[in-house]
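Dear colleague,

Please find below the structure that I am handing over to you. My notes on selected residues follow it.

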Amino acid sequence: GGGGGGDTNPRAGGSGTANQGFAGGANNSAGNISGGGGGAAAVGQDASAPGNSGDGGNGVASTITGSSVTRGGGGGGGGTGPTNGAGGSGGGGNSGPANGNGQDGTANTGGGGGGSGEEYSPNNPTGGAGGSGVVILSVPDGMYSGTTSGSPTIQTGVSGQTVMTFNASGSYTA
């Protein structure tokens, strides 16, 4: 998804990529605060006066592993306001407190990092890093070859499917 707009001048959020993520929210130049980052299911929230940063857009829930897991949440917008942005559901990181760093997105969700708490502080806070992604493959139980590399988590019998979850490098050979 797109990043939230920031700076002291009016800025729109970054655009999302079709079928992957939504646009980020716009900043509020009067309060020197940022919009929230776009999520996989929703746009990032615009910042609002007097000083409330935008929340990150929500991610998308999937049941491919047999239980519902939400991934791809946008990061919360940072700034100098009293209420900084919350990360969107699906691993989005919260923005930092005053003079603080933004939280990282949750690992293996693709969630966006939260914005920093205040850009002019002597601590030089930074935005959070985005969460690492995940690759999930699902094949019918009867067609699963059993040939993998790396260390995927393998679940059999998930509605007749074998589900391989790769949180690091690896491969599957059919």
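Which backbone oxygen does the side chain of Ser53 reach? In this predicted model, the partner is the backbone oxygen of Gly77, at 3.3 Å. The side chain of Ser53 also makes a polar contact of 3.5 Å with the side chain of Asn84.

As to its location, Ser53 belongs to the segment before β1 (60–62). Its relative accessibility is 5%, and Ser53 therefore counts as buried, the cut-off being under 20%. Leaving aside residues up to four places away in sequence, Ser53 touches Ile33, Ser34, Gln45, Ala47, Gly77, Gly78, Gly79, Thr83, Asn84 and Gly85. Both polar partners described above, Gly77 and Asn84, are thus among the residues that Ser53 touches.

Two further residues deserve a note on backbone geometry.

Asn108 is found in the loop between β2 (69–71) and β3 (135–140). Its phi is near 65°, a positive value in a residue other than glycine. With a relative accessibility of 26%, Asn108 counts as partly exposed.

Ser159 sits in the loop between β5 (153–158) and β6 (161–166). Although Ser159 is not a glycine, its phi is positive, at about 55°. Is Ser159 buried or exposed? Ser159 counts as exposed because its relative accessibility is 74%, where the cut-off is over 50%.

With kind regards

Terms used: Residues numbered from 1 in each chain as written. Predicted model: local features only at pLDDT ≥ 70, side-chain atom pairs only at ≥ 80, totals over all residues. Heavy atoms only, no water. Helix = DSSP H or I, 4+ residues; strand = E, 2+ residues; numbered from the N terminus. Buried < 20%, exposed > 50% of the residue type's maximum accessible area, 1.4 Å probe, protein only. Polar contact = N/O pair within 3.5 Å; in protein donor to acceptor, adjacent residues only side chain to side chain. Contact = heavy atoms within 4.5 Å.
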